[in-house]
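Here is a walk through the side-chain contacts of one protein chain, written for someone who likes to check the geometry. Open the model alongside and follow along.

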Amino acid sequence: MALMPVELCFATRASPATGTLPRRRATVRCAATAPAPMGEKTEYRDGPLERAFMGLFARKMEKYAGRKKKPGGEVEKRAVWDWDYESFVDVSRRVMVGRSRAQQQEAVREVLLSMLPPGAPEQFKKLFPPTRWACEFNAALTVPFFHWLVGPSEVVEVEVDGVKQRSGVLIKKCRYLENSGCVGMCVNMCKIPTQSFFTDEFGLPLTMNPNFEDMSCEMIYGQVPPPLEEDPVSKQPCYPNLCSISTPAAAICPKLQN
């Protein structure tokens, strides 16, 4: 079952100084195909199904983040449909803070496993051995099923072990990276755990190559990921103007080093 399409909106905003809109107001509405340019934030209109996915993942992650408390000390309670993307990212950030790189990745692995029925990894390996067909099939599934998490994407042709196949997915501008603005969260809470989950738990190799220049990302099913130490992302600095917990003076994002 594919996720419901998400309407994307990008519009000129009112001036913070005057509160007025420019004379010309441009609005683009489409079926999730045109994210905002780099430096500008894409606006999504999520439907009930997207919000349900956010809520399910966020509630699982709260086990590792600890539930937020209200001013009076009472634990904040939310129904699945009460979550939005910003609160989902906030939970991810709280999971990351105070944990080592390995601990962050293990927390995400446990969350992913908890979303599956018992024996699911073994069944996946039987249904999808690492063949070209399995790689291309999973790439096709990724576009609708991960839409709520990463935004618009499309299947593309890639080369795996010298063979061209349509087992690549190009994420046009990753929603998770765009909303978190955090290199460490991208690598430790998404890239590495997802690669490891498909490669080690499901037996289907997956490599993810985020582009920190434009926030796009290429997923390549069938390609074994390199060790982090050999991956270019291991040398990536923070986004000093986007990340609330960045270390601008550091040559490499500190969250990639411990």
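What covers the buried residues of α5 includes α4 (120–127), α6, β4 (153–160), β5 (163–171), α8 and β7 (216–221). The buried residues themselves are A134, C135, N138, A139, T142 and V143. Keep in mind that this is a predicted model. As for the helix itself, α5 runs over residues 132–145, and at 1.5 Å a residue its 14 residues should span 20 Å. The end C-alpha atoms are 20 Å apart, which agrees with that figure.

**Aromatic rings**

How many aromatic pairs does the structure hold? The count is 15. Such a pair is described by the distance of the ring centres and the angle of the planes. Take F57 and W148: their ring centres are 5.3 Å apart and the planes make an angle of 45°, a tilted pair. F57 sits in helix α1 (residues 48–65) and W148 in helix α6 (residues 147–150), so the contact ties together parts that are 91 residues apart in sequence. Are these two residues buried or exposed? Both F57 and W148 are buried.

Next come F88 and Y176, with centres 6.2 Å apart and planes at 55°, so this pair is tilted. Why tilted? Planes under 30 degrees apart would count as stacked and over 60 as edge-to-face, and the rest are tilted. F88 belongs to helix α2 (residues 85–96) and Y176 to helix α7 (residues 175–180), so the pair links parts that are 88 residues apart in sequence. F88 is buried, with a relative accessible area of 4%, and Y176 counts as buried at 5%.

There is also an aromatic cluster to look at: F124, F128, W133, F137, F197, F198, F202 and Y221 form one group.

Rings also meet charge here. Which residue lies over the face of Y44? That is R175, at 3.9 Å from the ring centre. R175 lies over the face of Y85 too, at 4.0 Å from the ring centre.

**Salt bridges**

The model has 9 salt bridges. The table picks out some of them, including two that involve R109.

| Salt bridge | Closest N to O distance |
|---|---|
| D90 and R94 | 3.2 Å |
| E106 and R109 | 3.2 Å |
| E201 and R109 | 2.9 Å |

Start with D90 and R94, which are 4 residues apart in helix α2 and so separated by about one helical turn. An α-helix has 3.6 residues a turn, so residues three or four places apart point the same way. D90 is partly exposed, with a relative accessible area of 22%.

E106 and R109 follow a similar plan: both lie in helix α3 (residues 101–114), 3 residues apart, about one turn of the helix. How exposed are they? E106 is partly exposed, with a relative accessible area of 37%, and R109 counts as partly exposed at 27%.

The bridge between E201 and R109 reaches further along the chain. E201 lies in helix α8 (residues 183–201) and R109 in helix α3, so the pair ties together parts that are 92 residues apart in sequence. At 18% relative accessibility, E201 counts as buried, because the cut-off for buried is under 20%. Salt bridges that share partners join E106, R109, E110 and E201 into one network.

**Backbone angles worth a look**

Most residues other than glycine have a negative phi. Which sign does phi take at D161? It is positive, near 55°, and D161 is not a glycine. D161 lies in the loop between β4 and β5, and at 74% relative accessibility D161 counts as exposed.

M215 is another residue other than glycine with a positive phi, near 70°. M215 is found in the loop between β6 (206–211) and β7. Is M215 buried or exposed? With a relative accessible area of 3%, M215 is buried.

Conventions. Residues numbered from 1 in each chain as written. Predicted model: local features only at pLDDT ≥ 70, side-chain atom pairs only at ≥ 80, totals over all residues. Heavy atoms only, no water. Phe/Tyr/Trp six-rings, centres within 6.5 Å; stacked < 30°, edge-to-face > 60°. Helix = DSSP H or I, 4+ residues; strand = E, 2+ residues; numbered from the N terminus. Buried < 20%, exposed > 50% of the residue type's maximum accessible area, 1.4 Å probe, protein only. Lys NZ or Arg CZ within 6 Å of the ring centre and 35° of its normal. Salt bridge = Lys/Arg side-chain N within 4 Å of Asp/Glu carboxyl O. Expected span 1.5 Å × (residues − 1). Contact = heavy atoms within 4.5 Å.
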